[in-house]
Amino acid sequence: MDLNHNRSVKLNDGNLMPVLGFGTFAPDEIPKSKANEATKIAIDVGFRHIDAAYLYQNEEEVGQALRDKMADGTVKREDLFYTTKIWATFLRPELVRQCLERSLKKLGLDYVDLCIIHVPIAMKPGEELLPKDAKGEIILDVVDIRDTWEALEKCKDLGLTKSIGVSNFNHKQLEMILNKPGLKYKPTCNQVECHPYLNQSKLLEFCKSRDIVLVAYSALGSSRDPTWVSSDSPYLLEEPILKTIAKKHNRTPGQVALRYQLQRGVVVLAKSFNEKRIKENFEVFDFELTAEDMKVIDGLNRNYRYDSMPFAVDHPYYPFLEEY
Ligand code: NAP
């Protein structure tokens, strides 16, 4: 990838994905209108890849931002790359299309660029996003991820999404899809948690060998949402080594964390709803980390996961017991 000139990567289905994406997940207490304002700023500063999901419950606001930016002539639909995700309560094959169509309706769009299976772990179908039993525990469901995949292939054939992929899959789960008899389309990408404390080097190597793009989420150390992330987790952007490298390049630790992913061939997402930081996060195409910087950052890996989805550890498709 020539990162100074080439800001997109070609997926295995021929479609292009911009290598830097704007994340739209925010904890519940953040007003949904912030997602609208921030997405418009992101498009104004140059982001063309927008990462969203049915789960985030702000696709109406994000969709309005996209439509406003198309209406004022800043972008055309074909300039944008919009990702949505099929949530865990819709993994039964007969529900997949319904989830995607609900997202499209909220967005006010007639197709998305990418639709991915959010997690391999299914939850009980229904209107509750996190269905819970009397003890307050999440009610899981078991759905063969190959059946979910076939339903997603049909969504692509219907033109509801240009590309299809997965998220939070380990390499064995990717293999299950790749080896599925009658496979029509390979996953184009696997979106996973990835940052210097969890650099996913083995999964990245596996994905590259199968022409699957690895997309990094929580690349800046996550939103630290207490619903998912423990309060004693390490602050990535306070990491002294990232600070030292940033200072040397006259950049910020956040920019170094994003640039690190781009230089190893990872598509990277960055969430910020703050104007200054949204701009800062886009300024990662005009400097380069040295081979030595990259090696030092690789050395920070400690396989630390901000969100390990502990509620699903006994589920047959729990993805994080495998090494990668
Ligand atoms: P992230 O991108 O790692 O970081 C976001 C946090 O860092 C925010 O609290 C943000 O706060 C702060 N921040 C952003 N830029 C900064 C900078 N330059 N300097 C200092 N702080 C900065 O967060 P994430 O939301 O976990 O991941 C990004 C996106 O990935 C999500 O929004 C979502 O689209 C996707 N995602 C997907 C999954 C999945 O299961 N597939 C899971 C998690 C996330 P401010 O807003 O105040 O700047």
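## Ligand shell

A quick definition to start: a residue belongs to the shell around the ligand if one of its heavy atoms lies within 4 Å of it. Keep in mind that this is a predicted model.

With that in hand, 27 residues surround the ligand, and D51, S218, K271, S272 and R277 are the closest. Sorted by class, the shell has 13 polar residues, nine nonpolar ones and five charged ones. If you want to find your way around by secondary structure, look at β12 (267-271) and α9 (275-282), each of which supplies at least two residues of this shell.

## Polar contacts and cover

Now for the oxygen atoms of the ligand. S272 puts a polar side-chain atom 2.5 Å from a ligand oxygen. The backbone joins in too: a backbone N or O atom of S222 lies 2.9 Å from an oxygen atom of the ligand, and a polar backbone atom of A219 is 3.4 Å from a ligand oxygen. On its own, the ligand has 910 Å² of accessible area, and the protein covers 84% of that.

## The largest pocket

Which pocket does the ligand take up? The space it fills is the largest pocket, and this pocket has a volume of about 1,100 Å³. Its lining runs to 48 residues, with S218, G221, S222, S223 and K271 lying nearest the centre. Two of these names, S218 and K271, also turn up among the residues closest to the ligand.

Several elements give two or more residues to the lining of the largest pocket: the strands β10 (189-193), β11 (213-217) and β12, plus the helices α8 (253-263) and α9. Of these, α9 makes the largest contribution, with four residues. So much for where the lining comes from; as for its make-up, the lining of the largest pocket holds 22 nonpolar, 15 polar and 11 charged residues.

## The second largest pocket

There's another pocket to look at. How much space lies in the second largest pocket? About 290 Å³. Its lining is made of 14 residues, and those closest to its centre are L198, N303, R305, E323 and Y324. By class, the lining of the second largest pocket splits into five nonpolar, five polar and four charged residues.

Definitions and conventions
Residues are numbered from 1 along each chain as its sequence is written. This is a predicted model: local features need pLDDT of at least 70, side-chain atom pairs count only at pLDDT 80 or more; totals for chains, interfaces and linings use all residues. Side-chain values use heavy atoms; hydrogens and water are left out. A polar contact is a pair of N or O atoms within 3.5 Å; within protein, one must be able to donate a hydrogen and the other to accept it, and residues adjacent in sequence count only if both atoms are side-chain atoms. Accessible areas come from the Shrake-Rupley method with a 1.4 Å probe; for residues, only the protein chains shown count as cover. On a 1 Å grid over the protein atoms alone, a cavity is a set of points where a 1.4 Å probe fits but cannot get out, and a pocket is an open set with protein on both sides within 12 Å along at least five of seven lines; lining residues have an atom within 4 Å of a point. A molecule sits in a cavity or pocket if more than half of its atoms lie within 2 Å of its grid points. Ala, Val, Leu, Ile, Met, Phe, Trp, Tyr, Cys and Pro count as nonpolar, Asp, Glu, Lys and Arg as charged, and the others, Gly among them, as polar. Grid points are joined across faces, edges and corners, and a volume is the space filled by probe spheres set on the points.
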